[in-house]
Amino acid sequence: MDTKQFQMLLQEKGISLSPQQLAQFERYYELLVEWNEKMNLTAITDKPGVYLKHFFDSISPAFYYDFSQPISLCDVGAGAGFPSVPLKICFPHIQLSIVDSLQKRITFLHVLASELELEDVAFYHDRAETFGRKEGIRESFDVVIARAVARMSVLSELCLPLVQVNGTFIAMKAASAQEELEQGQTAIKVLGGEIAAVHSFTLPIEESERTIIVIDKKRKTPNKYPRKPGVPNKLPIE
């Protein structure tokens, strides 16, 4: 995907990018490649691949959810900033928090935010399990998003405790989503969520399957969740 296709396909979805926003994506790509030589941020470094599989893919939740409103967004396990930094570039008014367990990635994100002149961003070096228990953080976000971090039953325990009641959890998945969703139903319910929508689409050009699962937070998450680091993965709620 070249930058023209990127711009055009987003335009078709109602997302218009200014020259400044396009320049931010260009600088993002440069920094990603530059820093990737020092640390492992991504296996994809070719420009068409980054624009398609990282940038365009990251923005895809905006095809189904309205990010144009003022919202607080938390990205769990964002790695090199996906999906939330591309969303932040497109919707600059988003109040963004990113939590990641690797300090090296947080360092990269600080440099990235500074270089792209992003405002209203906060980066936390923490495990999602401990982050979700903190006062002032727990159940404080309008939207929590995660991209292929863990299977649905585990991911729900990492993310739903951070979502405020009447807020939204968005899980970005590849093709095996339906099976994961069935296994994750119990966890979603226990943690206070209800499945609102499941959107499937194919990523242009390479035609790979993607699924976006939208979960509404209807009830408070019981106090015992999230459990200690590592426990959700070892003993998922299923």
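This section describes aromatic pairing, helix packing and the surroundings of selected residues in a predicted model.

The whole structure was searched for aromatic pairs, and 16 were found. One of them joins phenylalanine 6 and tyrosine 51 in an edge-to-face arrangement, with 5.1 Å between the ring centres and 85° between the planes. Because phenylalanine 6 belongs to helix H1 (residues 3-12) and tyrosine 51 to helix H3 (residues 47-59), this pair ties together parts that are 45 residues apart in sequence. Both partners are withdrawn from the surface: phenylalanine 6 is buried, at a relative accessible area of 0%, and tyrosine 51 is likewise buried, at 1%. Tyrosine 28 and phenylalanine 55 form another aromatic pair, here tilted, with a centre-to-centre distance of 5.0 Å and an angle of 35° between the planes. This pair also links distant parts of the chain, since tyrosine 28 lies in helix H2 (residues 19-36) and phenylalanine 55 in helix H3, 27 residues apart. Tyrosine 28 has a relative accessible area of 0% and is therefore buried; phenylalanine 55, at 0% relative accessibility, counts as buried too. Ring pairs join these four residues with Phe25 and Phe82, giving a cluster of Phe6, Phe25, Tyr28, Tyr51, Phe55 and Phe82.

Aromatic rings are also approached by lysine side chains. Lysine 13 is placed over the face of phenylalanine 63, at 5.0 Å from the ring centre. Lysine 38 lies over the face of tryptophan 35, at 4.0 Å from the centre of that ring.

Helix H2 packs against helix H5 (residues 103-115) at an angle of about 150°, and the two axes are 10 Å apart. Because angles over 145 degrees count as roughly antiparallel, H2 is roughly antiparallel to H5. The crossing of H2 and H5 is right-handed. On the H2 side the contact is made by Arg27, Tyr28, Leu31, Leu32 and Trp35, and on the H5 side by Thr107, Phe108, Val111, Leu112 and Glu115. Tyrosine 28 thus takes part in the contact with H5 as well as in the aromatic pair with phenylalanine 55. Tryptophan 35, in turn, contributes to the same helix contact and carries lysine 38 over the face of its ring.

Helix H7 (residues 152-159) is mostly covered, with 8 of its 8 residues buried. The buried residues of H7 are Met152, Ser153, Val154, Leu155, Ser156, Glu157, Leu158 and Cys159.

Two further residues were examined individually. Serine 72 is located in strand S1 (residues 72-76). With a relative accessible area of 12%, serine 72 is buried. Apart from neighbours within four places in sequence, serine 72 is in contact with Gln95, Ser140, Phe141, Asp142 and Val143. The C-alpha atoms of serine 72 and histidine 93 are 9.2 Å apart in space, although 21 residues separate the two in sequence. Aspartate 126 occupies the loop between strand S3 (121-125) and helix H6 (128-131). Aspartate 126 has a relative accessible area of 14%, and since values under 20% define burial, aspartate 126 is buried. When neighbours within four places in sequence are left aside, the contacts of aspartate 126 are Val99, Asp100, Ser101, Phe131 and Lys134.

Definitions and conventions
Residues are numbered from 1 along each chain as its sequence is written. This is a predicted model: local features need pLDDT of at least 70, side-chain atom pairs count only at pLDDT 80 or more; totals for chains, interfaces and linings use all residues. Side-chain values use heavy atoms; hydrogens and water are left out. Helices (H or I, at least four residues) and strands (E, at least two) are DSSP runs, numbered from the N terminus. Buried means under 20% relative accessible area, exposed over 50%, partly exposed in between (1.4 Å probe, protein chains only). Contact means heavy atoms within 4.5 Å. Rings of Phe, Tyr and Trp (its six-membered ring) pair if their centres lie within 6.5 Å; planes under 30 degrees apart count as stacked, over 60 as edge-to-face and the rest as tilted. A charge sits over a ring if NZ of Lys or CZ of Arg is within 6 Å of the ring centre and within 35 degrees of the ring normal. Axes are lines fitted to C-alpha atoms, for helices over the stretch in contact, and angles run from 0 to 180 degrees between N-to-C directions. Angles under 35 degrees count as roughly parallel, over 145 as roughly antiparallel, 65 to 115 as roughly perpendicular and the rest as oblique. A crossing is left-handed if the near helix is turned anticlockwise from the far one by less than a right angle, and right-handed if clockwise.
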